[in-house]
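Please open the structure in a viewer and keep the selection panel at hand. The stops below are intended to be followed in order.

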Amino acid sequence: MTVAPLQPAAARIRWLAAPSSTAWLEQALARPDLVLIDHAHCERKAAGAALQLMFRYPGDEQLAALLSPLAREELEHFERVLALLQRRGIVLRPLAAPPYGSELSKAVRRQEPQRMLDAFLVAGLIEARSHERMALLAAHAPDLEMRQLYGDLLASEARHFGLYWLLCEQRWPRRTVIERLVELAALESRCLAGSPASGEGVRMHSPGVSSSRSGRRTDRPADPPACPPCGPVPPPPPPRGWSPGRGPAATGSAGARRPAVRGD
Ligand SMILES: [Fe+2]
Ligand SMILES: [Fe+2]
């Protein structure tokens with residue numbers, strides 16, 4: 001399937017150092033069955049990543065208050081994709097994962113507290129990329145059911161990377177967060193560089209990013225606005241014991257503190 005050049009608003013997210021390419025989207029639309037299977041696995045992995053952090057930092061109630069609902073929501077997404085697969089008679093078979101996730105994990109530093117910061121930022125970047133690619137599928141998938149699925153998931157995926165941002169801002173100065181974010185965002189885009197996978201190799205996080213940055217500033221990824229494809233990002237429910245005044249939950253709208261999709 002040939003896709004018209006992507007609209008900047010749908011293809012650029014503030015956290016990401018490079019937008020996904022039209023070539024990735026074309027390959028994804030050529031194998032919707034694989035995209036859906038891999039997406040189901042991604043939702044399960046996202047739930048697992050949140051739970052893993054809760055186990056790694058078992059005494060951190062603030063972290064648990066944010067990540068427990070996130071994990072639950074990811075499993076709800078998993079169940080929704082699974083139901084769609086079953087309606088279509090597609091088997092949820094294991095798929096070889098692209099190196100994307102493991103390459104990003106290798107960049108997480110071993111020592112605390114850097115390990116925690118990196119883990120939040122890597123998880124947030126994966127959420128951001130997932131959100132960006134879901135937005136492309138919501139806009140370009142040929143069948144209504146897929147467009148509806150991805151359209152429905154957009155807002156919560158945007159909120160998820162907002163939650164990881166919030167976890168960072170609760171613990172480190174913004175400057176510290178941004179400096180490390182710039183490094184990891186560059187790595188994230190490098191992990192997706194190269195020729196887009198085709199056929200059986202297509203995945204939600206398979207290679208396919210544009211080298212064109214279109215004025216993108218890589219030294220300043222924060223100060224997020226709303227998400228153009230899905231509108232203002234709803235704030236997460238205030239976690240128990242969390243004092244308002246900082247972060248996306250306190251803004252009540254798509255405020256300037258939320259790390260979301262860039263549309264400029
Ligand atoms: Fe999800
Ligand atoms: Fe998510």
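The tour begins with confidence and then proceeds through the helices and one peptide bond.

**Confidence**

Begin by colouring the chain by pLDDT, since this is a predicted model. The protein has a mean pLDDT of 81, and 75% of its residues reach 70 or more. Next, select residues 8-12, where pLDDT stays under 50 and the model has 14 contacts beyond four places in sequence. Then select residues 214-264, a further stretch over which pLDDT stays under 50; here the model has 111 contacts beyond four places in sequence. Where pLDDT is low, predicted coordinates should not be read in detail.

**Helix α7**

Select residues 144-169, which form helix α7. At 1.5 Å a residue, these 26 residues should span 38 Å, and the end C-alpha atoms are 38 Å apart, which agrees. Now centre the view on Leu154: at this residue α7 bends by about 40 degrees.

**α4 against α7**

Keep α7 displayed and add residues 61-87, helix α4. How far apart are the axes of α4 and α7, and at what angle do the helices pack? The axes are 11 Å apart and the angle is about 165 degrees. An angle over 145 degrees counts as roughly antiparallel, and α4 and α7 are therefore roughly antiparallel to each other. Their crossing is left-handed. To display the contact, show the side chains of Leu63, Leu66, Leu70, Glu73, His77, Arg80 and Leu84 on α4, together with Glu145, Leu149, Leu153, Ser156, His160, Leu163, Leu166 and Leu167 on α7.

**α6 against α7**

Replace α4 with residues 114-140, helix α6. The axes of α6 and α7 come within 8 Å and cross at roughly 160 degrees. That angle makes α6 roughly antiparallel to α7. The crossing of α6 past α7 is left-handed.

**α6 against α8**

Retain α6, hide α7 and select residues 174-191, helix α8. α6 and α8 pack at an angle of about 50 degrees, with 10 Å between their axes. The two helices are therefore oblique to each other. Is the crossing of α6 past α8 left-handed or right-handed? It is right-handed. The residues making this contact are Leu117, Asp118, Leu121, Val122, Leu125 and Arg129 of α6 and Arg180, Leu181, Leu184, Ala185 and Glu188 of α8.

**The peptide bond at Pro113**

For the final stop, select Glu112 and Pro113, which are joined by a cis peptide bond with omega of about 5 degrees. Pro113 lies in the loop between α5 (100-106) and α6.

Conventions. Residues are numbered from 1 along each chain as its sequence is written. Chains are lettered from A and ligands numbered from 1 in the order in which they are written. This is a predicted model: local features need pLDDT of at least 70, side-chain atom pairs count only at pLDDT 80 or more; totals for chains, interfaces and linings use all residues. Helices (H or I, at least four residues) and strands (E, at least two) are DSSP runs, numbered from the N terminus. The expected span of a helix is 1.5 Å times one less than its number of residues. The bend at a residue is the angle between axes fitted to the seven residues ending there and the seven starting there. pLDDT is the predictor's confidence in each residue, from 0 to 100. Two residues are in contact if their C-beta atoms, placed from the backbone, lie within 7 Å. Axes are lines fitted to C-alpha atoms, for helices over the stretch in contact, and angles run from 0 to 180 degrees between N-to-C directions. Angles under 35 degrees count as roughly parallel, over 145 as roughly antiparallel, 65 to 115 as roughly perpendicular and the rest as oblique. A crossing is left-handed if the near helix is turned anticlockwise from the far one by less than a right angle, and right-handed if clockwise.
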